[in-house]
Amino acid sequence: MANVDIVDVRKSYGDAHVLHGIDVSITDGEFVVLVGPSGCGKSTLLRMIAGLETISGGEVRIGGSVMNALLPKDRDIAMVFQNYALYPNKTVAANIGFPLKMRGEKAAAIKERVAEAARTLGLEDLLERYPRQLSGGQRQRVAMGRAIVRSPRVFLFDEPLSNLDAKLRVKMRAEIKELHQRLGTTMIYVTHDQIEAMTMADRIVVMRGGRIEQVGTPLELYDRPANQFVASFIGSPSMNFLAGKLERTESGATFIGPMGERIALEKGRDLPSTGDVILGIRPEHLDLATTETPGAFMANVAVVEPTGAETMIVARTAGGEMTISCKGRPDVRPGQTIWLRPLPEHVHLFAGEH
């Protein structure tokens, strides 16, 4: 196991700058997820850690040693890719043990290590099968077994669940997290799926345009997003936004929305310096209200999505479309006019974000 330090790492392809000075430290045994939209540079950064991409500037250190000039095979890392990259003509046991065979390990040692990895991943009954005889989830476990058997200092995962169906992705998320808890090895995981990031990570690195927007635990990012981009990216359904103005008085501050609605803000909170602000509110922090409710604003119901335990409502307001998450099954129908009240203690304020 080892810590990973990424120090002012930059990547350029000619005049095209992909990464603009990335700095992040990953502690020994930590599970860190790199997340962001397509093209943000997260997979490029992972490949630079692995040694599959050259580093244009800065340093990648593993266990305190600079890795920039080392070949991938000399970095003591193991990588699991989106495609399983299994040998179709080899059995599960042979696929898992192949890295050890290439190292020149003795047959008895390989057999023992393969058996141990198979027990860890629940593959004991599949060792004599071929990849074509396995499900997608089983193939992904074999790919993970091939990484585990090497006992690396760092595991790297590049969107390993993207090819699986939704139900299997949920199952594999839990299996990878449980695997990390058992092994305690440093893991760096790349995904564009913020649900994967929220459910699996010790810390999340949110990236956009080759830069880091925020680093923190899943709940830190959810409860205290650094900017509007992080607020919109983390959380599903995503945060709602209303453009308005901030009015300051001696008694406190008030958000004035597009229809003149006034939402009193908690005293003592940090406020943007500008008068033009964006108010953010998560779907679960919008209450159904009445015309008499202070701070409530009008909306027209577009879609009602009952899910059983809760009901999702999509409504159109003067400030744009909003999503509301309601516990239970409220009597709301498309086309109906409703009133919504943001919970003041849960609103977020942003300035200058687009």
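What follows is a walk through the predicted model, from the whole chain down to a handful of residues.

Starting with the big picture, the protein has 354 residues, and 47% of them are buried. Its C-alpha atoms fill a box of roughly 80 × 45 × 35 Å along the principal axes. The secondary structure comes to eight helices and 20 strands. As for how the chain folds back on itself, 67% of the contacts with a separation of 6 or more join residues 24 or more positions apart. The surface adds up to about 16,800 Å², with carbon and sulfur atoms supplying 49% of that. On the charge side, there are 42 positive and 42 negative side chains, and the centres of these two sets sit 7 Å apart.

The UniProt record, an unreviewed entry, lists residues 4-234 as "domain: ABC transporter". That stretch of the model is 37% helix and 26% strand, and the C-alpha atoms at its two ends are 24 Å apart. Asp8 belongs to strand E1, which covers residues 4-13. The backbone does something a bit odd here: phi of Asp8 is near 50°, a positive value in a residue other than glycine. With a relative accessibility of 33%, Asp8 counts as partly exposed.

Further along comes helix H1, residues 42-50, where seven of the nine residues are buried, so the helix is largely enclosed by the rest of the structure. The buried set is Lys42, Thr44, Leu45, Leu46, Met48, Ile49 and Ala50. Right after H1 sits Gly51, with a positive phi near 95°. Cys40 is buried as well, at a relative accessible area of 1%, and Cys326 is buried at 10%. A search of the whole structure turns up zero disulfides.

Glu159 is another non-glycine residue with a positive phi, near 45°. This residue lies in the loop between strand E7 (154-158) and helix H5 (166-183). Glu159 has a relative accessible area of 14%, so it falls on the buried side of the 20% cut-off.

Moving on, the loop between helix H8 (228-233) and strand E11 (240-249) holds Pro237. The peptide bond from Ser236 to Pro237 is cis, with omega near 0°.

Thr254 is part of strand E12, residues 252-256. At 15% relative accessibility, Thr254 is buried. Setting aside residues up to four places away in sequence, Thr254 touches Lys245, Leu246 and Glu247 on one side of the sequence, and Arg262, Ile263, Ala264 and Leu265 on the other.

Finally, Phe350 lies in strand E20, residues 348-350. The residue is buried, with a relative accessible area of 6%. Leaving out neighbours within four places in sequence, Phe350 is in contact with Pro225, Asn227, Gln228, Ala231, Met239, Phe241, Pro272, Val277, Ile278 and Gly280. Among these partners, Pro225, Asn227, Gln228 and Ala231 fall inside the 4-234 range that UniProt lists for the domain. Asp276 is 74 residues away from Phe350 along the chain, yet their C-alpha atoms are separated by 9.1 Å.

Key
Residues are numbered from 1 along each chain as its sequence is written. This is a predicted model: local features need pLDDT of at least 70, side-chain atom pairs count only at pLDDT 80 or more; totals for chains, interfaces and linings use all residues. Side-chain values use heavy atoms; hydrogens and water are left out. UniProt positions are given in the numbering used here, feature names are shortened, and annotations may be inferred rather than shown by experiment. Helices (H or I, at least four residues) and strands (E, at least two) are DSSP runs, numbered from the N terminus. Buried means under 20% relative accessible area, exposed over 50%, partly exposed in between (1.4 Å probe, protein chains only). Contact means heavy atoms within 4.5 Å. Accessible areas come from the Shrake-Rupley method with a 1.4 Å probe; for residues, only the protein chains shown count as cover. Lys and Arg count as positive and Asp and Glu as negative; His and the chain ends are not counted. The place of a charge is taken as NZ of Lys, CZ of Arg, CG of Asp or CD of Glu. A disulfide is a pair of cysteine sulfur atoms within 2.5 Å.
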